[in-house]
Amino acid sequence: MGSPAKAPQTGKNRHFSQALRHAGAGIWAVIKNERNMRSHLVSAGVVVVVGLGLHVDLNTWCWLALAIALVWFAEFLNTVIEALVNLIVGQRYDENAKL
């Protein structure tokens, strides 16, 4: 016989490492399930390679890092909002959810 299934966690994280594991799992889920996020990751990689090739200065690297981080943040936020809307409307079509 196999071991019993572990119940999903519904309470607070007990340790910081546990919180990091959950955050990592969430990040991986977005990368795995969202095509746009994968495109953003590839684009960020291209920006870094081109930046290295052009020998951009530290100030420019800071602006590039900020731009990349803002795009990723917006994609994560968009994914969260879409997931919440899907939870609310379920499988039915709703014009407001589409907007």
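1. Packing of helix 1. In this predicted model, the buried residues of helix 1 pack against two other elements, helix 2 (35–54) and helix 3. The buried positions in helix 1 are Q18, V30 and I31.

2. Geometry of helix 1. Helix 1 covers residues 16–33, which amounts to 18 residues. From its first C-alpha to its last, helix 1 reaches 26 Å, close to the 26 Å expected at 1.5 Å a residue.

3. Orientation of helix 1 and helix 2. The axes of these two helices lie 5 Å apart, and the packing angle is about 95°. Because angles of 65 to 115 degrees count as roughly perpendicular, helix 1 is described as roughly perpendicular to helix 2. On the side of helix 1, the contact is made by V30, I31, K32 and N33. Helix 2 contributes R35, M37, R38 and L41. By character, the residues of this contact divide into 4 nonpolar, 1 polar and 3 charged. Two of the residues named here, V30 and I31, also appear in the list of buried residues of helix 1.

4. Residue T79 in helix 3. T79 belongs to helix 3, which comprises residues 58–89. Is T79 buried or exposed? The relative accessibility of T79 is 13%, and T79 therefore counts as buried, since the cut-off for buried is under 20%. With residues up to four places away in sequence left out of account, T79 touches V30 and E34. V30 is itself a buried residue of helix 1, and V30 also takes part in the contact of helix 1 with helix 2.

5. Overall organisation. The protein contains 4 helices and 0 strands. Read along the sequence, its elements follow the pattern α-α-α-α. The radius of gyration is 19 Å, well over the 13 Å that the globule rule gives for 99 residues, so the protein is more spread out than a compact globule. The C-alpha trace spans about 55 × 40 × 25 Å along the principal axes.

6. Burial and contacts across the chain. How much of the protein counts as buried? Of its 99 residues, 10% fall into that class; T79 and the helix 1 residues Q18, V30 and I31 are among them. Among contacts with a separation of 6 or more, 48% are accounted for by residues 24 or more positions apart.

Technical notes:
Residues numbered from 1 in each chain as written. Predicted model: local features only at pLDDT ≥ 70, side-chain atom pairs only at ≥ 80, totals over all residues. Heavy atoms only, no water. Buried < 20%, exposed > 50% of the residue type's maximum accessible area, 1.4 Å probe, protein only. Contact = heavy atoms within 4.5 Å. Expected span 1.5 Å × (residues − 1). Axes fitted to C-alpha atoms, helices over the stretch in contact; angles between N-to-C directions. Parallel < 35°, antiparallel > 145°, perpendicular 65-115°, else oblique. Nonpolar A, V, L, I, M, F, W, Y, C, P; charged D, E, K, R; others polar. Rg over C-alpha atoms; globule rule 2.2 N^0.38 Å.
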